[in-house]
Amino acid sequence: MTAPAPGSSPESPFPVRAVATRVKGWIDRLGSVWVEGQLTQINLRPGVRTVFMVLRDPAADMSLTVTCTPEMVAAAPVKLIEGTQVVVCGKPNFYTARGTFSLRLSEIRAVGIGELLARIERLRKLLDAEGLFDPRLKRPLPFLPATIGLITGRASAAEHDVTSVAGARWPAVNFAVRNTAVQGPTAVAQIVEALRELDADAGVEVIVLARGGGSVEDLLPFSDETLCRAIAACRTPVVSAVGHEPDNPLCDLVADLRAATPTDAAKRIVPDAAAEQALVDDLRRRSAQAVRNWVIREDRVLTQLRGRPVLADPLRALTERGDEVRRALSAVRRDVIRLIDVQTERVGHLSARLATLGPAATLARGYAVVQTVGATTQVLRSVEDAPAGTQLRIRVTDGAITATSEGPNDGH
């Protein structure tokens, strides 16, 4: 049976030295590389031939240990201090004795101002293309925030300016202060953490990111992509108060409001109590005057209305109409009486004519109306209608009598 290869099973493990030697061999084959970052933890001791430093990525929580000679540090194009942005050339190295990885530097170059500004400009165009600077995304600030979140350096002039000016303008204002580094390699991580903490606090209504002036290198954290995206992700309005002219850090463009200085931020966030009281007094005076003017105007209107004839003598129209009604009634009565008289006279004429033409007048002149009496009553018009024995009814002017027919009288 074939023996297992070394390191492939618990029965044939590698010794530590073998693993360390192999790792060193793999790393040695990488060759030299150029790396950019911020220097931190510079450990330069007198008499020591090796300088240990940490090269940190400002946009991520990652770092590398780098080493070089003291002469290289002394001959560097810029003074190497905490937060210096550099580009270095080094060869990866794995120390088998301690099992540590480092980058042995062979050259150190400073990142020039022009290059920094060019990188910031490229990042600005990228964020602008993504819409992070869109004015429509800017959130309005509350009129009178109960609590203001303040991110600034510890015991800094910016903190004093914001708190003192805001307190003088509105004494009841409250602050939730978060002190962080505002320059150097740790600034971005601390500011982003403070920003997320204040944004999660429901009592904080606006967040101020404040720092005084400084060089382009000092203000690099405020143009960091991670910080800009953290500001854009905040639900709470953010005010950028980084006092630097004429070049503005990118956080000014992402923030909901850009203030020229920390003092300007305090003035724009918190209203002036004295000015607001003066405004209220002026509005009260103007409203009172407006009410008085309205009352005077309406009083004049009422006076004009009372002076009109219809209100000066409100019954005049009724009186005039009453006379017209009485005249109309009188005319109607005259017309009705005249119509009655005319119709009465006409009725009289018709009655006279009717009396003249009626049977009563004929009977009064001696004539009589003879009717047969029987099953049917009819006027006797011929002698043949009344044979002998026919019962007759004879009507004269003052009544009627009955008779019996004896038949026709041939002798007339």
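**Group meeting: a barrel, a long-range pair and some single residues**

Let me begin with the disulfides: the count comes to zero, where a disulfide is taken to be a pair of cysteine sulfur atoms within 2.5 Å. Before going on, I should say that this is a predicted model, in which local features need pLDDT of at least 70 and side-chain atom pairs count only at pLDDT 80 or more, while totals for chains, interfaces and linings use all residues. Residues are numbered from 1 along each chain as its sequence is written, and side-chain values use heavy atoms, with hydrogens and water left out.

Why does Cys89 form no bond with Cys68? The closest cysteine sulfur to that of Cys89 belongs to Cys68, and because it is 13 Å away, it is too far for a bond. Cys89 is also buried, with a relative accessible area of 10%; here buried means under 20% relative accessible area, exposed means over 50%, and partly exposed is in between, with a 1.4 Å probe and protein chains only. For Cys251 the closest cysteine sulfur is in Cys228, at 6.4 Å, and this too is too far for a bond. Cys251 is buried as well, at 0% relative accessibility.

Now to the barrel. Five strands close into it in the order 1-2-3-5-4, and the pairing is mixed; two strands pair if DSSP finds at least two bridges between them, and strands (E, at least two residues) and helices (H or I, at least four residues) are DSSP runs, numbered from the N terminus. Neighbouring strands of this sheet are turned by 55° against each other on average, with direction ignored. As general background, strands of a sheet pair through backbone hydrogen bonds, either parallel or antiparallel.

Which sense does each pairing take? Strand 2 (residues 51-57) and strand 3 (residues 62-68) pair in the antiparallel sense over seven bridges, and within this pairing Phe52 stands opposite Thr67 in strand 3. Strand 4 (residues 85-95) and strand 5 (residues 100-110) are likewise antiparallel, over ten bridges, and the bridge partner of Val88 is Ile108 in strand 5. Strand 3 and strand 5, by contrast, pair in the parallel sense over two bridges, with Leu103 of strand 5 as the bridge partner of Val66. Across strand 4 and strand 5 lies helix 1 (residues 16-28), running at about 145° to strand 4; such angles run from 0 to 180 degrees between N-to-C directions, and the axes are lines fitted to C-alpha atoms, for helices over the stretch in contact.

Let us stay with the barrel and look at two of its residues. Thr67, in strand 3, is buried, with a relative accessible area of 0%. Among the residues that Thr67 touches, leaving out those up to four places away in sequence, are Val51, Tyr95, Ser102 and Leu105, where contact means heavy atoms within 4.5 Å. The side chains of Thr67 and Arg104 are joined by a polar contact of 3.4 Å; a polar contact is a pair of N or O atoms within 3.5 Å, and within protein one must be able to donate a hydrogen and the other to accept it, while residues adjacent in sequence count only if both atoms are side-chain atoms.

Is Glu107, which is found in strand 5, buried, exposed or partly exposed? Glu107 counts as partly exposed, because its relative accessibility is 29%. The side chain of Glu107 makes a polar contact of 2.7 Å with the side chain of Arg109, and Glu107 also touches Trp34, Met72, Val87, Val88 and Cys89, again not counting residues up to four places away in sequence. From Glu107 to Arg395 the separation is 288 residues in sequence and 168 Å in space, C-alpha to C-alpha.

Next, two residues with an unusual heading in my notes: positive phi. Gln41, in strand 1 (residues 33-43), has a positive phi of about 50° although it is not a glycine, and it counts as exposed at 55% relative accessibility. Ala155, in the loop between strand 6 (147-152) and helix 4 (157-169), has a positive phi of about 55° and is not a glycine either; Ala155 is exposed, at 74% relative accessibility.

Last comes helix 9 (residues 273-307), whose 35 residues should span 51 Å at 1.5 Å a residue, and the end C-alpha atoms are 51 Å apart, which agrees; the expected span is 1.5 Å times one less than the number of residues. Asp272 caps the N-terminal end of helix 9, with a side-chain oxygen 3.2 Å from the backbone nitrogen of Ala274.
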